[in-house]
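Dear colleague,

I am passing this structure on to you, with the sequence alongside. Below it you will find my notes, which you may like to read with the model open.

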Amino acid sequence: MQYLPILQHPDSRLRVKATTVESFDKELANQADKMLATMYDANGIGLAGTQVDFHRRLIVVDVSENRDAPITLVNPEILLIGETVSSEEGCLSIPGVHDTVKRSDRINISAKSIDGSKLEMEAEGMLAICIQHECDHLDGILFIDHLSSLKRKRINEKLKKAPEL
Ligand code: K1U
Ligand code: ZN
């Protein structure tokens with residue numbers, strides 16, 4: 001399987017807002033397969049199209065311990081229905097940086113499956129948090145944007161000094 005290069009912050013392509021998927025074709029299914037393979041190879045629990053320079057609304061996630069429960073969501077829309085919780089996040093586009101972000105612990109998702117069929121689901125815990133993180137990517141938002149400007153400044157300075165971290 002071919003792995004896709006993952007864009008690294010501060011690449012400006014991470015700030016592009018992804019557009020709606022209109023064609024549910026073989027090309028889209030191939031892209032989702034490549035994204036899943038790339039996510040597993042990078043030991044991630046999620047990946048958004050934006051991170052691999054594919055600017056359509058497509059995300060993949062798998063928060064299972066055995067790495068055997070992949071979920072592919074096309075044109076996902078989320079409704080926050082839970083309580084706000086703080087949890088530790090990381091990002092494959094900002095390696096070596098982890099911090100606490102506040103998000104809803106429960107969401108309703110309305111999306112399309114890879115074949116274009118309608119998909120409605122409820123998610124909680126890590127799955128809900130990961131899906132919110134990936135949907136942010138589709139809007140050009142990084143988890144560090146949810147931190148204070150002082151924290152973000154410190155992270156960006158650290159990355160400038162040691163970009164490989
Ligand atoms: O979108 C990404 O960059 C993937 C990211 C997803 C994510 C991790 C943590 C919270 C929300 C979303 C990762 O998979 S980072 C690497 C990772 O596996 C991880 C890091 C911290 C906690 C759990 C997993
Ligand atoms: Zn990320």
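Which residue in β7 is the bridge partner of arginine 106? It is glutamate 124, and since this is a predicted model, that pairing, like everything below, is computed from predicted coordinates.

The sheet

The two strands concerned, β6 (residues 106-112) and β7, pair in the antiparallel sense over seven bridges. They belong to an open sheet of five strands, in which the order is β1-β2-β3-β6-β7 and the pairing is antiparallel. At its edges lie β1 (46-48) and β7 (118-124), each of which pairs on one side only, and on average neighbouring strands are turned by 40° against each other when direction is ignored.

Further into the sheet, β2 and β3 are joined in the antiparallel sense over four bridges, while β3 and β6 pair in the antiparallel sense over five bridges. Valine 74 is a convenient residue from which to follow both pairings: leucine 58 stands opposite valine 74 in β3, and valine 74 in turn stands opposite lysine 112 in β6.

The helices

Helix α1 (residues 26-41) lies across β1, β2 (58-61) and β3 (71-80), and runs at about 40° to β2. Helix α2 also packs on the sheet, where it touches β1, β2, β3, β6 and β7, and its direction makes about 155° with that of β2.

The zinc ion

The zinc ion (ligand 2) is coordinated by the SG atom of Cys91 and by the NE2 atoms of His133 and His137, at 2.0 to 2.3 Å. Along the sequence, these donor residues follow the spacing C-x41-H-x3-H. Because histidine 133 and histidine 137 are four residues apart in helix α2 (residues 125-138), they are separated by about one helical turn. Both of these histidines are buried, and so is cysteine 91, whose relative accessible area is 8%.

The cysteines

Why does cysteine 130 form no disulfide? Its sulfur is 9.5 Å from the closest cysteine sulfur, which is in cysteine 135, and that is too far for a bond, given that a disulfide requires the two sulfur atoms to be within 2.5 Å. Cysteine 130 is itself buried, with a relative accessible area of 3%, and the structure as a whole holds zero disulfides.

Serine 93

Serine 93 is found in the loop between β4 (84-89) and β5 (99-104). Is this residue buried or exposed? With a relative accessibility of 1%, serine 93 counts as buried, because the limit for that term is under 20%. Leaving aside its neighbours within four places in sequence, serine 93 is in contact with Ile6, Leu7, Gln8, His9, Leu14 and Gln51. For one of these residues there is also a polar atom pair to inspect, since the backbone oxygen of leucine 7 lies 2.9 Å from a polar atom of the serine 93 side chain. By contrast with these contacts, serine 93 and leucine 73, which are 20 residues apart in sequence, are 20 Å apart in space, C-alpha to C-alpha.

With best regards

Definitions and conventions
Residues numbered from 1 in each chain as written. Chains lettered and ligands numbered in written order. Predicted model: local features only at pLDDT ≥ 70, side-chain atom pairs only at ≥ 80, totals over all residues. Heavy atoms only, no water. Donors = N, O, S within 2.8 Å, 3.2 Å for Na, K, Ca; no water. Buried < 20%, exposed > 50% of the residue type's maximum accessible area, 1.4 Å probe, protein only. Pairing = 2+ DSSP bridges. Axes fitted to C-alpha atoms, helices over the stretch in contact; angles between N-to-C directions. Contact = heavy atoms within 4.5 Å. Polar contact = N/O pair within 3.5 Å; in protein donor to acceptor, adjacent residues only side chain to side chain.
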